[in-house]
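Trainee: Got a minute? I'd like to go through this one with you.
Mentor: Sure, put it up.

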Amino acid sequence: MAGSNRQAAEVLHNAVIQAHGALQARTPLVQCITNVVSSNYMANILLAAGASPAMVDNTQEAGLFAGVADALLINLGTPTDSQVESMRLAAAAAQQAGKPWVLDPIGAGGLPWRGAIALELLQHRPTTIRGNPSEIKGLSGLGSGARGMDSSDEPESAVPAALELLRHCRTVGASGAVDHLVGHYEERPTLIRVYGGSCLQPRVTATGCALGALVAAYQAVAEPLVATVAAHASFAIAGKLAAERHAAPGSFAVAFIDELYALDEARIQQHLRIDVTSLVSPP
Amino acid sequence: MAGSNRQAAEVLHNAVIQAHGALQARTPLVQCITNVVSSNYMANILLAAGASPAMVDNTQEAGLFAGVADALLINLGTPTDSQVESMRLAAAAAQQAGKPWVLDPIGAGGLPWRGAIALELLQHRPTTIRGNPSEIKGLSGLGSGARGMDSSDEPESAVPAALELLRHCRTVGASGAVDHLVGHYEERPTLIRVYGGSCLQPRVTATGCALGALVAAYQAVAEPLVATVAAHASFAIAGKLAAERHAAPGSFAVAFIDELYALDEARIQQHLRIDVTSLVSPP
Amino acid sequence: MAGSNRQAAEVLHNAVIQAHGALQARTPLVQCITNVVSSNYMANILLAAGASPAMVDNTQEAGLFAGVADALLINLGTPTDSQVESMRLAAAAAQQAGKPWVLDPIGAGGLPWRGAIALELLQHRPTTIRGNPSEIKGLSGLGSGARGMDSSDEPESAVPAALELLRHCRTVGASGAVDHLVGHYEERPTLIRVYGGSCLQPRVTATGCALGALVAAYQAVAEPLVATVAAHASFAIAGKLAAERHAAPGSFAVAFIDELYALDEARIQQHLRIDVTSLVSPP
């Protein structure tokens, strides 16, 4: 790895503020094909952050809607046969229409059936792949499977896998105590670390799922790397501020929504903490 | 339009208080065939308000249960093939058994497939149709489709469409900053406006869906127009009171449930704000 | 019935504290095949209590995952055809692998179709059957059906039915204002009453469902009777403490999660209230 790139961090810092303003101004319509555990929380997170959610996941409408929506999220959390067919239709339609879309490969790596679906969906070239480190490693073929839905790996360990996955997409996010995001900055593969959040976040279900949806929302209003950073930064700041006021997961989850809603330029200025590192491409 | 009818407003004001008491006394069993985003929040809203929810939506039981329940809600938010079949069975069974039922045509107008399902269900004569203005206009054939699930129209603009839909049902509710409800009062088509609520309500997902379920609950204990007003009034009052204490959507949503639970005669007396206007029928 | 057994109560009291510590230490992976209303709340309850939820309920993965997970919950709240098939596969796989599993027969008794499914699943010998009194009576064949999903019976009235069901499982829990649990203590059929909770608990949807999942989590770290008592005791204590701070169901539900998260040895010591009674077996 090369050293830290302070100029790039500053550029991205300002771009995140711009992206946040653009999200508020444009209220992008985000189609979510997602798991049953996450749907309510995800919709509330999108509404709090300034986007408009639509959980259209039936086979009759999924493809049509992907052409209408501003962005698409596909989350493999609790796939039904019908949802899987909708994922195929929607991913193809988004690709066809040039709409950004995000793949959240929940459980891929640990579970072969959904792992194969995730791999198949890569042909439609997601804009971003977001997951926990175990999922990123599993999807890239560089990791052993996790046991459940929670990650047993550190985000840093998923960076090689994330770089590998850049063949299929524009950015990859491996979430954790420090989020590790990779993409290209000035045409060089680059790692961005996002600091913040709270140890309570993993105690609230569907936090990662909702983050994937917010990445999709930002993809509708900013270029891929900025969008990926902006979504993760929003969660890191809201999580940090919510944890300053609440020490248990029930009230934290409520405050987290409130903090996302209250996010503004001043708070981003004050609390955003990222660093940027140029990387060598995988051979 | 004719002028405001103050006497009717007073009659309805008292009838809403009576309906609220009847709901507490009888705890009606409300079958909900609804979207995955709303199911938890809707059940909690019904429980807080004094009703008993049952989300029976499989084809094996939906028709049977509609004959047992006191009221039925059908919400088209995230329809699966199986749910659509259950909607047909339950609507037919409710009609057969003379049970009240509410149609919430989420996304109808903007999405042809579900629009056709909503039109088909009208043959079973719902007691009430509740939606946002775009949905009401879309279902009546008088509006262009909305882009997503959120309305782009003002409730007032949906009144002609609502009157048109009275051919199929007893009352129609178009929700918004000021809810616009139509039905017959003393055999004349009548518009009731319900004031209150909060601008945070659209920032909490499934608020409209839960309102549809509460309309169904009230239909089990009051006549159609009163029930429709009572449900909307409950939401308007709870929303207004919750927003006085909370300024962000996470904590607002929690307080909204608390305020619905705390609603009583005194609070209705103090906070209910409606006006009633006699209308000319559509030609 | 024989008299109260104070020594047994003391033994169980200490065993509950040990089980709580073991849950925190081992974070068991709990597969949940559950209804759509409960999934988010259930996952948050498991995370708050110290377990790791995974809602794997598709036919492709349900059986495989039951062999991997530490425990399984099957809840009949809103069964789809596909979920029912997954329940069969997962229950068989759990039995085969010697993993504990919990059956929550929501609505069994009142609804013949799911009643038959629940009876069929008994062949795979659940570790625990948990339900409201009407469901326990319905499943045992000793009760008339309830009308909706809420119980119309007192827990005490379900004790004969619970004893009857011990032919199929190790413990049975009938939840209510005072939970009535039956199982074998020193090889004698025994009734344990768990005191606590709050009258607000029935006003929060999926509380019973989430309790079933927590019973499954505890089955992974303690023997069946202790696990059943530990889960019910956790809910009784958290409910009591949450109700001391909140008087309405929205804020109570949030505080309930916080209290489960905050549960520790000192709080169990201070607030656990159970009594133990030896029973005569059914003839």
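Mentor: One term before we start: contact means heavy atoms within 4.5 Å. This is a predicted model, so local features need pLDDT of at least 70, side-chain atom pairs count only at pLDDT 80 or more, and totals for chains, interfaces and linings use all residues. Residues are numbered from 1 along each chain as its sequence is written, chains are lettered from A and ligands numbered from 1 in the order written, and side-chain values use heavy atoms, with hydrogens and water left out.

Trainee: Which residues of H1(B) meet H8(B)?
Mentor: B:Ala19, B:His20 and B:Leu23. Their partners in H8(B) are B:Leu214, B:Ala217 and B:Tyr218. Helices here are DSSP runs (H or I, at least four residues), and strands are E runs of at least two, numbered from the N terminus.

Trainee: And the classes in that contact?
Mentor: Five nonpolar, one polar and no charged. Ala, Val, Leu, Ile, Met, Phe, Trp, Tyr, Cys and Pro count as nonpolar, Asp, Glu, Lys and Arg as charged, and the others, Gly among them, as polar.

Trainee: At what angle do H1 and H8 of chain B pack?
Mentor: About 85 degrees, with the axes 9 Å apart. So H1(B) is roughly perpendicular to H8(B), a label for 65 to 115 degrees. Axes are lines fitted to C-alpha atoms over the stretch in contact, and angles run from 0 to 180 degrees between N-to-C directions.

Trainee: Switching topic. How many residues does each chain put into the A-B contact?
Mentor: Chain A gives 26 and chain B gives 24. The buried area is about 2200 Å², and carbon and sulfur atoms give 59% of that. Buried area is the accessible area (1.4 Å probe) that two parts lose on being put together, summed over both.

Trainee: Which three residues supply most on chain A's side?
Mentor: A:Leu47, A:Glu61 and A:Tyr261 supply 25% of the area chain A buries against chain B, more than any other three residues.

Trainee: How many salt bridges are there between the two chains?
Mentor: One. B:Arg114 and A:Glu61 form it through their side chains, at 2.5 Å, N to O. The rule wants a side-chain nitrogen of Lys or Arg within 4 Å of a carboxyl oxygen of Asp or Glu.

Trainee: And over all chains?
Mentor: The whole structure has 27 salt bridges. One of them joins A:Glu259 and A:Arg245, with the closest N and O atoms 3.1 Å apart. A:Glu259 sits in H10 of chain A and A:Arg245 in H9, 14 residues apart.

How values were computed: Parallel < 35°, antiparallel > 145°, perpendicular 65-115°, else oblique.
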